[in-house]
Every structure is written in C-alpha cells, then in structure tokens.
Amino acid sequence: MCNRYKSPREDEIERMWRVGRQDPHRWWDAEVFPRGTGAFVRRAQDDTGYSRELVAGQWGLIPWFAKEPRLKFPTNNARSEELAAKASYKHPWARGQRCIIPASTFDEPNWETGKNVWWRFARADGDPWGLAGLWNVWTDPATGEVHESYTMLTINADAHPLMSRMHKPDPKLPADRQDKRSVIPIELADVDQWLAGTVAEASQLLRVAPIEVFSAGPAA
C-alpha cells in the first residue's frame, strides 16, 4: 500500500499527459498523504468526444454511501482484485471512472533490517509516474458542497523481485502468500486505453511494472 507520494509540477503534468493549461498556481499538495489534496487526470466530463482534464481532490475516495467526506476507514488504496465487488469502488469501476495519478516519486516501507526504512521509488527513465486510480464525486447532503476524490489501485506483488521486499511481513502467513502490494503504473502508450477503454480493456493493464522500470532505494 502507498501512503505518501510527491506530485510533479503543473507544467510537467500538463506536458506529460496532454492536458490543457489549467490554473497557473498549484492547487494541490506538493507531498500528498491520505486525506490530503492531490492531482489526477481523467477523461474530461464536459467533452462528448474524448479529451483529458486535470482535477484536484481528496486522496481517499468518498463512496456514494458516505455520511461525511472525512471517512473513518482508509480508502486511499484499493485492491484491484476487489474492484468489481467492494461497495466503495464497484460503481466507479463499472462506470469507467478511471484516472491517472501523477507522481514524481512514491514511498514504501522496507522491513528487511527488522525496522521500517522508507524507500523511494522513481522511474528509471526520469519521467513521472502515471499511477492507476479511480475517482468519484460526492455531494454533501447537508451543505450541497461537491467533493472530488480518488483512490490509488494496488495489485499483488508477492512474485515481484523488488516490490515483494516492501512492507512488514505477516508472521502468520507463508513467505509466498504475504499479499505484498504494488501500485500500478500506466505507461503513456496505454493512457487512452485506461481512461476511455471498456472495463475489460482496462483490466488488461492491471499488472506490476517490470523491475527495470524502477529506480529505488532508501530515501535520503
């Protein structure tokens, strides 16, 4: 599970994901934590064709049944294997409310020394990450205030040579069934398929990136 990441600059996001010039000043957090405000790219909602828009919202998806925007349970990460069944995510997943979450780097805990050492993950090619996510819009029934929100998707990484090393091992589970998790990078060539494809087409992109994509090590 990912619980902190750094956001690229506005101009990097606009250039990388071909979204038009937005607000000239950042309106989201530079370093994003759960329930903070982050940027995401989605299919433009006011375009009957296909274009992309840059949105800012709460990192922690607010589901339709929520009574308040600050939830008492975490929704900043969502297991991709559960999207079609879990109440918080099944409607956005079925409706194709998929997004790209830009990240310069993201951090994960490594417990190989017996204590938590934060590792930082960048792309080996120097580009920002485009991480798979879902978005939702929730309207406060008491005030009418509209809240944008999103969640970051994860996938099992027990067999991955790098991502399987992250997170604290569960002593109750065997080594090959730890359910270690990884974020899901969406490559630039696959962005249209992710944002505008069918559920079946998007599902094809739910995979861990190969190890050569990563540049990772203990955070300074």
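**Figure 1. Surface and overall build of the predicted chain.** In this predicted model, the protein chain exposes an accessible surface of about 10800 Å², and carbon and sulfur atoms own 52% of that area. Under the surface, 48% of the 220 residues count as buried. The secondary structure adds up to four helices and 12 strands. With a radius of gyration of 17 Å, close to the 17 Å from the globule rule for 220 residues, the chain is as compact as a globular protein of that length. If you're setting up a box, the C-alpha trace spans about 50 × 35 × 35 Å along its principal axes. As for the contact map, take the contacts with a separation of 6 or more: 67% of them link residues 24 or more positions apart.

**Figure 2. The five-stranded open sheet.** The strands here come in the order β2-β1-β7-β8-β12, and their pairing is antiparallel. Which strands stand at the edges? They are β2 (31-32) and β12 (214-218); each has a single partner strand, so one side of each is left without a neighbour in the sheet. Zoom in on the β12 edge and you'll find β8 (residues 117-123) paired with β12 in the antiparallel sense, over five bridges. One residue pair to pick out is W119 with P218, its bridge partner in β12.

**Figure 3. Strand β3 and its two partners.** This close-up follows β3, which covers residues 37-43 and is mostly covered itself, with five of its seven residues buried. It runs antiparallel to β4 (residues 52-59), and seven bridges join the two. Within that pairing, G38 has G57 of β4 as its bridge partner. Strand β3 also pairs with β6 (residues 98-103), again antiparallel, over two bridges. There, V41 stands opposite I100. A general reminder for reading the side chains: in a regular strand they alternate between the two faces of the sheet.

**Figure 4. S7 and its polar link to W28.** S7 sits in the loop that runs between β1 (5-6) and α1 (10-16). Is S7 buried or exposed? Its relative accessibility is 10%, under the 20% cut-off, so S7 counts as buried. Its side chain has company: a polar contact of 2.8 Å joins it to the side chain of W28.

**Figure 5. D192 and the residues around it.** D192 belongs to helix α3 (residues 191-196). At 35% relative accessibility, D192 counts as partly exposed, because that value falls between the 20% and 50% cut-offs. Which residues does D192 touch, leaving out those up to four places away in sequence? They are R18, Y50, R52 and G197. Y50 is worth a second look: the side chains of D192 and Y50 share a polar contact of 2.7 Å. Along the chain these two residues are 142 residues apart, yet 9.2 Å separates their C-alpha atoms.

**Figure 6. Two residues with positive phi.** As a general backdrop, most residues other than glycine have a negative phi. R18 isn't a glycine, but its phi is positive, at about 55°. R18 lies in the loop between α1 and β2, and with a relative accessible area of 57% it is exposed. This is also one of the residues that D192 touches in the previous view. H167, another residue other than glycine, has a positive phi near 75°. Its place is the loop between β10 (146-156) and β11 (181-183). At 16% relative accessibility, H167 counts as buried.

**Figure 7. C2 and C99, free of disulfides.** How many disulfides does the structure hold? Zero. C2 is in no disulfide, and the nearest cysteine sulfur, on C99, is 13 Å away. Turn it around and C99 tells a matching story: C99 is in no disulfide either, and the nearest cysteine sulfur to it is that of C2, at 13 Å. A disulfide needs the two sulfur atoms within 2.5 Å. As for cover, C2 has 0% relative accessibility and counts as buried. C99 is also at 0% relative accessibility, and it counts as buried too.

Notes:
Residues are numbered from 1 along each chain as its sequence is written. This is a predicted model: local features need pLDDT of at least 70, side-chain atom pairs count only at pLDDT 80 or more; totals for chains, interfaces and linings use all residues. Side-chain values use heavy atoms; hydrogens and water are left out. Buried means under 20% relative accessible area, exposed over 50%, partly exposed in between (1.4 Å probe, protein chains only). A polar contact is a pair of N or O atoms within 3.5 Å; within protein, one must be able to donate a hydrogen and the other to accept it, and residues adjacent in sequence count only if both atoms are side-chain atoms. Two strands pair if DSSP finds at least two bridges between them. Contact means heavy atoms within 4.5 Å. The radius of gyration is taken over C-alpha atoms; the globule rule is 2.2 Å times the number of residues to the power 0.38. Accessible areas come from the Shrake-Rupley method with a 1.4 Å probe; for residues, only the protein chains shown count as cover.
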